[in-house]
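Biologist: I would like to learn how to read a structure like this one, feature by feature. Where do we start?

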Amino acid sequence: MKICAVSAYPPTLAGIADYGAHLAHHLARDPRVERVTVLADTVPGARPVERDGGVDVHRVWTRDSTGTGVRLLRAVQSLRPDVVWLNLGITMFGTRLSGAAGGLLAPLWLRALGYRTVVTLHELPALTDLSALGLRSRPHRMTLSLVPQVMLRTNLVVVTLDRYRRFLMERHRARNVAHIAHGAYDEPQVAEEPAQETVLVFGTFGPHKDPGVVADAVSRLRQKRPTLRLLVAGGDHPRYPGYMADCRRRNGLNGSWVGYVAAEQLGALFAQATVVVVPPRASTGSSGVIYRAMSHGRAVLASDLHDYRGLAEDENLELAWFPPGNPAVLADALDALLDDRARRQHAVHHNLDAMRRLGPSHTVDAYLTQFAEIQMRSGVGVSSSALEPALERGGAR
C-alpha cells in the first residue's frame, strides 16, 4: 500500500506535527506498507525534500498561502497513492481565511477526483472554545463551522475522541466516522521518581495553554514546600510566535524554562518529574502530552475540560483534575497529589496498562484496517488525466 500523508511536520512545533510524524514513521515500518510520503509544511531551515525515518518528506505547502490547495493536488497526482491521509487541525493551514481555505477544501477536491481520502479531524469547532483559542471573528467562526461538513464528504473521518464520533453521527447523521484513540507514541519507558519534588509542564504554549498558572500555583506551594521545583519544556504554539518570551518575563521562568526538548530526550525529561500538569484553559481535542506523561510513568494533573474527561472515560484512564485557570485550587490539588505517593503510583500502574493496550502497533493496525476496507469498497483509483482540468482551472485563478 502506498500512502500519501498531508500534515504539518517537525521541526514545526505542534501536537498535530508530532502526531503526523509519529504515525507516518510507524506506518512506514509496517510490512503491509510499501511507501509513505508526507506532504508537509515549509519550515525555515528544513530541506524541501528529505528522507526521515523511512518516510519521504516533501515540503510543498505554506501556512496562510493561497496556493496550498493546488499545490497539494499536484503533489498527490505525482505520487499516485492508494490512500491519501490528511492529519488535520482546524488551523493547520493557517488562520487567514484566504490562505487556509484551499488547504481545508483539498480533501473535498481529492475525494471528488476519485482519490481514496481519509481525514483525521483533531478538533470539532462546535465542541471547541474558539474564543479561548484566539478565533473570535465572525467570518472565522462561520467558516470553521463548515469544516466537519466538508470533511464528511471524504471516504472516512477519523476522530481521536468518541464524543466527537457521537456528535458527528447525531448532529450530521454521519456514517463514515471512526474513533481511533490517539494512542501512545512509544512503548512504556518508566524511571523512578526524582529525589527532588518536581512539577513538569510540557507542550506548545499560547494564551489557551499558559504555563503561568502552574508557575503561580508552585509559587504558592513553596511556602510549604520550599524545595519544590518547576520545569517548563516546549515552545511557542504556531499561532502565537514569541509567546514564551513574554511568559518568561511575566512569570520569572528563566530558571525553570528548558526550551524545546527533542523527542529522543523526552525520557530524560519526564524522569525529572514527580507530577506532570496539563493546564490548558481550552482544549483542541485529545492530548498527546497526557499520553506521553502516562507512557513515561508519571501521574497527571489536568484541567477539567470536556475533551480530557472524554479521553479518560474512553480509555479508562486515571487522572487528577483541577478547574482550568485557577492557580489557588491547582496549588491545593498539586499539594494533595504530592503528599500521596501511593495515589500517584496507583494511577501510574493503572495508566501504564492502558498505554500497553494503546501502543503504536494498535494505532497502525486500526488505520491500516480502515485504509484496506476503503480500498476494497472503492476499487481502482483515479486516473492521472482526471486531475488535469482541475489543476489548470486552479492555476488560472
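**Reading the salt bridges**

Modeller: We start with charged side chains: E197, K224, R225, D335 and D339 are linked in a network of salt bridges. Keep in mind that this is a predicted model.

Biologist: How many salt bridges does a search of the whole structure find?

Modeller: The search gives 21 salt bridges. To read one of them, look at the atoms that meet, and then at where the two residues sit. The side chains of R32 and D365 form a salt bridge with an N to O distance of 2.6 Å. R32 is in the loop between α1 (15–29) and β2 (35–41), while D365 is in helix α14, so this pair ties together parts that are 333 residues apart in sequence.

Biologist: Are R32 and D365 buried or exposed?

Modeller: The cut-offs are needed here: buried means under 20% relative accessible area, and exposed means over 50%. R32 has a relative accessible area of 44%, so it is partly exposed. D365, with 36%, is partly exposed as well.

Biologist: Which residue forms a salt bridge with R341?

Modeller: That residue is E193, and the closest N and O atoms of the pair are 3.9 Å apart. R341 belongs to helix α13 (residues 341–357) and E193 to the loop between β8 and β9 (198–205), so parts 148 residues apart in sequence are tied together. R341 is partly exposed, its relative accessible area being 44%.

Biologist: What about a salt bridge inside one helix?

Modeller: The general idea comes from helix geometry. An α-helix has 3.6 residues a turn, so residues three or four places apart point the same way. In this structure, R250 and D246 are four residues apart in helix α8 (residues 243–251), which means a separation of about one helical turn. Their side chains meet in a salt bridge at 2.8 Å, N to O. R250 is partly exposed at 46% relative accessible area, and D246 is partly exposed at 30%.

Biologist: Now the sheet. In which order do the strands lie?

Modeller: For a sheet, read the order of the strands, then the edges, then what packs on it. Here eight strands make an open sheet with mixed pairing, in the order β3-β4-β2-β1-β5-β6-β7-β8. The edge strands β3 (49–52) and β8 (177–179) each have a single partner strand, so each has one side without a neighbour in the sheet. On average, neighbouring strands are turned by 25° against each other, direction ignored.

Biologist: In which sense do β5 and β6 pair?

Modeller: β5 and strand β6 (residues 117–121) pair in the parallel sense, over five bridges. L88 has L121 in β6 as its bridge partner. Helix α14 (residues 360–378) packs on the sheet and touches β1 (2–6), β5, β6, β7 (156–159) and β8; its direction makes about 135° with that of β5.

Biologist: How do I read a single residue, say N87?

Modeller: Take its place, its exposure and its contacts in turn. N87 is in strand β5 (residues 83–88). N87 counts as buried because its relative accessibility is 0%. The side chains of N87 and H122 are joined by a polar contact of 2.6 Å. Leaving aside residues up to four places away in sequence, N87 touches V6, S7, I16, Y19, G20, M92, T120 and H122.

Biologist: How many residues of α1 are buried?

Modeller: α1 is mostly covered, with 11 of its 15 residues buried. Among them are I16, Y19 and G20.

Note on methods: Residues numbered from 1 in each chain as written. Predicted model: local features only at pLDDT ≥ 70, side-chain atom pairs only at ≥ 80, totals over all residues. Heavy atoms only, no water. Helix = DSSP H or I, 4+ residues; strand = E, 2+ residues; numbered from the N terminus. Buried < 20%, exposed > 50% of the residue type's maximum accessible area, 1.4 Å probe, protein only. Polar contact = N/O pair within 3.5 Å; in protein donor to acceptor, adjacent residues only side chain to side chain. Contact = heavy atoms within 4.5 Å. Pairing = 2+ DSSP bridges. Axes fitted to C-alpha atoms, helices over the stretch in contact; angles between N-to-C directions. Salt bridge = Lys/Arg side-chain N within 4 Å of Asp/Glu carboxyl O.
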